[in-house]
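Let's take a walk through this model, helix by helix and loop by loop. Keep the viewer open and follow along.

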Amino acid sequence: MATLAKELGEIRNCSALLRRAKRMGFNEVGDLIRLAVARGCRHYAPAFAPADQDPGFAAISNEELVALLLLGENEYEPIAIRCAAQLTGRCDLEKLARVAKRERVARVLSYISKAGSTYDVNNRSFWGRLDILIGKQYPVADGVLPHWSRFVSQTGVTRNGGGNIQWLHCQ
């Protein structure tokens, strides 16, 4: 199984948060994606039906769910990274930065925040603040993580340009 850590050239972290999530029945990355869909990441509902049960925010906060979706020990699943990007907008930035550092997902979250700073035009200060809170991270090589265009909805784009770009937010 190819893990996200392996794709990034990192050593995978053994996460206590993931062990806690597994005790609640979230045994694979698809289960975490389904929970994110249940919490508003509806863009991915056609491929991942919403989770039947949500343990609640006290059991798994949105900040923790973002980290769970980005864990290096997960099987490499680009949709998990895309869900994390979408769910980030519902997070408390200070708490998210703390969880990201603790769970060693700050590098991937920094990649997402840089894309958000550029392409989520209505929330650039949000993404900029997150990037500051995360701190400087070693950049990710091109082609490893989903392209920025996978975090947005683009309408009316042609070979000649144009179109409307909207960052995907939870509904």
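T3 sits in the segment before α1 (4-8). The model is a predicted one, and in it T3 is buried, with a relative accessible area of 8%. Its side chain reaches the backbone nitrogen of K6 at 3.1 Å. Leaving aside residues up to four places away in sequence, T3 touches R12, G72, E73, N74, E75 and Y76.

**Helix α2 and its ends**

Next comes α2, which spans residues 16-23 and has L17, L18 and A21 as its buried residues. These cover an arc of only 95° around the axis, which puts them on the same side of α2. A general point about helices helps here: an α-helix has 3.6 residues a turn, so residues three or four places apart point the same way. The partners that the buried residues of α2 pack against are α4 (62-70) and α6 (93-102).

Both ends of α2 are worth a look. At the N-terminal end, S15 acts as the cap, with a side-chain oxygen 3.1 Å from the backbone nitrogen of L17. After α2 comes G25, whose phi is positive, near 100°.

**I60 and the covered helix α4**

Moving along the chain, you will find I60 in the loop between α3 and α4. Is I60 buried or exposed? Its relative accessibility is 0%, so I60 counts as buried. The residues that I60 touches, not counting those up to four places away in sequence, are A21, M24, F26, L35, R39, P55, L65 and L68. I60 and L17 are 43 residues apart along the chain, and their C-alpha atoms are separated by 9.0 Å.

Helix α4 is mostly covered: nine of its nine residues are buried. They are N62, E63, E64, L65, V66, A67, L68, L69 and L70. What covers these buried residues of α4 includes α1, α2, α3, α5, α6 and α7.

**Helix α6, from start to finish**

At the start of α6, a side-chain oxygen of D92 reaches to within 3.4 Å of the backbone nitrogen of E94. Which residues of α6 are buried? They are L93, L96, A97, V99 and A100. Seen down the axis of α6, these fall within an arc of 165°, so they line one face of the helix. Among the elements covering them are α4, α7 (106-119) and α8 (124-134).

Just after α6 we meet R104, in the loop between α6 and α7. R104 has a positive phi of about 60° although it is not a glycine. As background, most residues other than glycine have a negative phi. With 61% relative accessibility, R104 counts as exposed.

**Two helix pairs**

Two packed helices are described by the angle between their axes and the distance between the axes. Here are those values for two pairs in this model.

| Helix pair | Angle between axes | Distance between axes |
|---|---|---|
| α3 (29-38) and α5 (78-87) | about 30° | 10 Å |
| α6 and α8 | roughly 40° | within 9 Å |

How should these angles be read? Angles under 35 degrees count as roughly parallel, and α3 and α5 are therefore roughly parallel to each other. The axes of α6 and α8 cross at roughly 40°, and that makes α6 oblique to α8. The contact between α6 and α8 is made by L93, E94, L96, A97 and K101 of α6 together with F126, R129, L130, L133 and I134 of α8.

Handedness completes the description. α3 passes α5 in a left-handed crossing, while α6 passes α8 in a right-handed crossing. For the α3 and α5 pair, the residues that meet are V29, I33 and A36 in α3 and I79, A80 and C83 in α5.

**Back to the start**

To tie up the walk, three single residues make handy places to revisit in the viewer. T3 is buried, at 8% relative accessible area, and I60 is buried as well, at 0%. R104, by contrast, counts as exposed at 61%. For helix faces, try looking down α2, where the buried residues cover an arc of only 95°, and then down α6, where the arc is 165°.

Definitions and conventions:
Residues numbered from 1 in each chain as written. Predicted model: local features only at pLDDT ≥ 70, side-chain atom pairs only at ≥ 80, totals over all residues. Heavy atoms only, no water. Buried < 20%, exposed > 50% of the residue type's maximum accessible area, 1.4 Å probe, protein only. Helix = DSSP H or I, 4+ residues; strand = E, 2+ residues; numbered from the N terminus. Arc of directions from axis to C-beta. Contact = heavy atoms within 4.5 Å. Polar contact = N/O pair within 3.5 Å; in protein donor to acceptor, adjacent residues only side chain to side chain. Axes fitted to C-alpha atoms, helices over the stretch in contact; angles between N-to-C directions. Parallel < 35°, antiparallel > 145°, perpendicular 65-115°, else oblique. Left-handed = near helix turned anticlockwise from the far one by under 90°.
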